[in-house]
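Visitor: I've just opened this structure and the labels puzzle me. Could you walk me through what stands behind them?

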Amino acid sequence: MDNTKKFDNKADVYLKGRPSYPDELTDFLKEKFGLNKNSAVADVGSGTGIFTEKLAKICGKVYAVEPNEDMRRTAETRFKIFTNVVSVDGCAENTALDGCSVDFVTAAQAFHWFDVNSFGRECRRILKRGGKTFLIWNRRDVNAEINLRLYELYRKFCPKFTGFGGGENNTEEKIRKFYGGDYSEKEFENPVSYPREKFVSRCLSSSYSIGESDLRYSDYICAVNGIFDEYATDGILTVPNKTVVYFD
């Protein structure tokens, strides 16, 4: 299946359910690499613009490159408050940006869907001399009890489920290949607190999640709500999560 189609009809639940990224991450990028109001950044695989919005607050120009029309149109609604964000109908392997046009490239929660070699060539084409690419993920603690329960739920109801992270199989190997073997990483705590509707949306937003047209959808939603009821305190369910950024 075309990876650009995996999130068709999921933009609404993706925007409602997916967590943002900690300020400590953007502070780190500013302090260590110099992202500032003079920086031009390509946020590739920008989706509904969750990380794009963080970049827009610290950088001079942000190109939100997203091939999925549903996700891109949803993002454009939130971009209306920013004059420095340009929505681009492009993909990781062909961003449609000019050569040597950006200082940095970011890929937040997206790199695992890319063709590594083609994305690497495209980064080298659009980056200015000395430019950097940052690969970023929000990652849940797979050993936390709540996530072990969710793992079993997805195995039961979602035929496409092969493990947390969707397409993140062999991600470390792909990262190593992208950076030519040598890279660094930095991790930030980023626990996510969900009210009920956001928790349900988070479950539905995964690439492997079933949708309303599936026969077992009602049972699936009932089971998701059951887990929320079991683990929530005062109407909030907190899930352990970390944000990690890779760079060379």
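## Labels and the values behind them

Guide: Gladly, and let's begin with C100, which counts as exposed at 53% relative accessibility. Keep in mind that this is a predicted model.

Visitor: What makes C100 exposed at 53% relative accessibility?

Guide: Exposed means over 50% relative accessible area. C100 has 53%, so the label exposed applies. You'll find C100 in the loop between β3 and β4. Its phi is near 50°, a positive value in a residue other than glycine.

Visitor: Why is a positive phi worth pointing out in a residue other than glycine?

Guide: Because most residues other than glycine have a negative phi. A96 is another case, with phi near 70°. A96 sits in the loop between β3 (85-88) and β4 (102-108). At 54% relative accessibility, A96 counts as exposed too.

Visitor: And N147, is that one buried or exposed?

Guide: Buried means under 20%, and N147 has a relative accessible area of 0%, so N147 is buried. N147 belongs to helix α6 (residues 145-157). Beyond its neighbours within four places in sequence, N147 is in contact with R140, D141, V142, F164, V239 and P240.

Visitor: Now the helices. Why is α8 called oblique to α9?

Guide: Helix α8 (residues 196-205) and helix α9 (residues 217-231) pack at about 130°, their axes 10 Å apart. An angle over 145 would count as roughly antiparallel, and 65 to 115 as roughly perpendicular. The angle fits neither of those, so α8 is oblique to α9. The crossing of α8 and α9 is right-handed.

Visitor: Which residues make that contact between α8 and α9?

Guide: On the α8 side they are R196, F199, V200, C203 and L204. From α9 come Y217, Y220, I221, V224, N225, I227, F228 and D229. The residues of this contact divide into ten nonpolar, one polar and two charged.

Visitor: What makes α6 roughly antiparallel to α9?

Guide: The axes of α6 and α9 come within 11 Å and cross at roughly 170°. Over 145 degrees counts as roughly antiparallel, so α6 gets that label relative to α9. In this contact α6 supplies E145, I146, R149, L150, L153, Y154 and F157. Its partners in α9 are D219, Y220, A223, V224, I227, E230 and Y231. The residues of the contact of α6 with α9 divide into ten nonpolar, no polar and four charged.

Visitor: How do you know that α8 is largely enclosed by the rest of the structure?

Guide: Count the buried residues: seven of the ten in α8 are buried, so α8 is largely enclosed. They are F199, V200, S201, R202, C203, L204 and S205. The buried residues of α8 pack against α1, β5 (127-140), α6, β7 (192-194), α9 and β8 (237-239).

Visitor: What about E197, is it buried or exposed?

Guide: E197 has a relative accessible area of 55%, and that is over 50%, so E197 is exposed. The side chain of E197 meets that of K16 in a salt bridge, at 3.8 Å from N to O.

Visitor: Why does the pair of K16 and E197 count as a salt bridge?

Guide: The cut-off is 4 Å between a side-chain nitrogen of Lys or Arg and a carboxyl oxygen of Asp or Glu. At 3.8 Å, K16 and E197 are within that cut-off, so the label holds. The pair links distant parts of the chain, with K16 in helix α1 (residues 11-17), E197 in helix α8, and their positions 181 residues apart. K16 is partly exposed at 38%. D12, K16 and E197 are linked in a network of salt bridges.

Visitor: How many salt bridges does the structure hold?

Guide: The structure holds 18 salt bridges. One of them joins D27 and K30, whose closest N and O atoms are 3.6 Å apart.

Visitor: What separates D27 and K30 in helix α2?

Guide: About one helical turn, because D27 and K30 are three residues apart in helix α2 (residues 23-33). D27 is partly exposed at 31%, and K30 is partly exposed at 34%.

Visitor: Where do E76 and R73 lie?

Guide: Both are in helix α4 (residues 69-78), three residues apart, about one turn of the helix. E76 forms a salt bridge with R73, the closest N and O atoms being 3.0 Å apart. E76 counts as partly exposed at 23% relative accessibility, and R73 counts as partly exposed at 45%.

Technical notes. Residues are numbered from 1 along each chain as its sequence is written. This is a predicted model: local features need pLDDT of at least 70, side-chain atom pairs count only at pLDDT 80 or more; totals for chains, interfaces and linings use all residues. Side-chain values use heavy atoms; hydrogens and water are left out. Axes are lines fitted to C-alpha atoms, for helices over the stretch in contact, and angles run from 0 to 180 degrees between N-to-C directions. Helices (H or I, at least four residues) and strands (E, at least two) are DSSP runs, numbered from the N terminus. Angles under 35 degrees count as roughly parallel, over 145 as roughly antiparallel, 65 to 115 as roughly perpendicular and the rest as oblique. A crossing is left-handed if the near helix is turned anticlockwise from the far one by less than a right angle, and right-handed if clockwise. Contact means heavy atoms within 4.5 Å. Ala, Val, Leu, Ile, Met, Phe, Trp, Tyr, Cys and Pro count as nonpolar, Asp, Glu, Lys and Arg as charged, and the others, Gly among them, as polar. Buried means under 20% relative accessible area, exposed over 50%, partly exposed in between (1.4 Å probe, protein chains only).
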